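Got the viewer open? Let's take a walk along the chain, one selection at a time.

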Amino acid sequence: MQSIKKYWLFTSILIAIIALFITYTVKPALFDFILKPSNRTIYERSFKDNPEKLERWNNLLSIAAKDQVTINKSTSEHVVTTFQKPFTASYLIDLQLGEVLVSTIASKSSWILEARNLSGDLLQDAQLKNDTLVLNYTPNKDIKIRIILQAKLETESQTEFKIYTAPQYDFPVAGKGNSAIQSFWGASRGGGSRKHEGNDVFAPKGHPVVAITYGTVSSIRNRGLGGKQVWVKDYDNGYLHYYAHLDDWIVNEGDMVWSGDTLGYVGNTGNAKNTPPHLHFGIYKNGSAVDPKPFIWKTQVPENTISLPQLNNPLANGFAANLRTEPSSSSDILQDVKTAPVSIIGNTGNWYHVRTTTGLSGYMHKSVLVEQ
Ligand SMILES: [Zn+2]
């Protein structure tokens, strides 16, 4: 009797597994809320009965995945995709710990936008927010990543594409910004015996020092080099924030604080007693100090103000028709294209983003491209 029960239980479970498997094969979208597939995976389902289209789509990606185009902190590019020439390109960018990568493209559903590591693994997929596809990626170490932008096939669009970085936190002194930081990470201290493990933010004595994010006041001390000091733990990210040389504090240990809450006031306690009042601000990760500048350094959203004419049959033709890694004449040369047709896929400032007939992508100055 017992063995018959076991038999039926086993058979029922097996049937349930087979039923789930068949359902997944026929209608994978039903499982999206659990499996959370990438936007690319969802889009590729539309090629289910068209392997040639899938191959074309994947070929475009494998060409772009070798691009050596490099973003120096930020770019705003006018990008173009057409039925005949679907846009696909990738961009390399170096991120520092403390910077958040932001990439946006104003378009409802024509694009796939992803951050990948240099091995090609997906780090972060973009999300649709108010008709804009937004990619946000916060690294947990200094890292070079590849941003991939690929237009869906059979779409036509001309739009602005942006890549930039933003600080992970707000600024620690109320109403102040980058110019108030007047001593940086690594500066010599103690007559060369040690290095500066923070940033000094100058403001008048008594100016409010504020929390840069949500956290808990983990300790308050009055001792040593830092003098009057407040430590705040950011449990979400595992960092300790150190606010030192305070004239005084107005929080207690264990208080929860939100970004912008006043913790205390700028002063010159501790070893700052003979210097102008300033906040010494530091960030510690696993007990070691890290450079706080990228965490708080304010950046601007880039704007592309120049719109270059779209050439119908562009020909590279100049004294030195150089294809470069960045839209700048001081960047690395990928190739002297000499006289050859190219495809224009975008422009930023006075530079066209082009792809050669051999698949190489880079920037060419407008002066070296003519109509055939
Ligand atoms: Zn300092």
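Domain bounds here come from an automatic or database domain assignment. On that basis, the protein chain of this predicted model splits into domain 1 (2-36), domain 2 (46-169), domain 3 (178-296) and domain 4 (305-372). Give each domain its own colour before going on.

Start by selecting residues 7-26. UniProt, in an unreviewed entry, places a "transmembrane region" there. In the model this stretch is 100% helix and 0% strand, and 29 Å lie between its end C-alpha atoms.

Next, go to the zinc ion. Which protein atoms are its donors? Show His196, Asp200 and His280 as sticks: the contacts are made through NE2 of His196, OD of Asp200 and ND1 of His280, at 2.0 to 2.2 Å from the metal. Along the sequence, the donor residues follow the spacing H-x3-D-x79-H.

While you're here, switch on a surface for the protein. Are His196 and Asp200 buried or exposed? The cut-off for buried is under 20% relative accessible area. His196 has 4% relative accessibility, so it counts as buried. Asp200 comes out at 5%, so it is buried as well.

Now for residues 321-369, which the unreviewed UniProt entry annotates as "domain: SH3b". Switch to cartoon: the chain over 321-369 is 57% strand and 0% helix. Pick the C-alpha atoms at the two ends of this stretch and you'll find them 8 Å apart.

For the last stop, zoom out until domain 3 and domain 4 are both in view. How many Å separate their centres? Taken over C-alpha atoms, the separation is 47 Å.

Conventions
Residues numbered from 1 in each chain as written. Predicted model: local features only at pLDDT ≥ 70, side-chain atom pairs only at ≥ 80, totals over all residues. Heavy atoms only, no water. Donors = N, O, S within 2.8 Å, 3.2 Å for Na, K, Ca; no water. Buried < 20%, exposed > 50% of the residue type's maximum accessible area, 1.4 Å probe, protein only. UniProt positions renumbered as here; feature names shortened; annotations may be inferred. Helix = DSSP H or I, 4+ residues; strand = E, 2+ residues; numbered from the N terminus.
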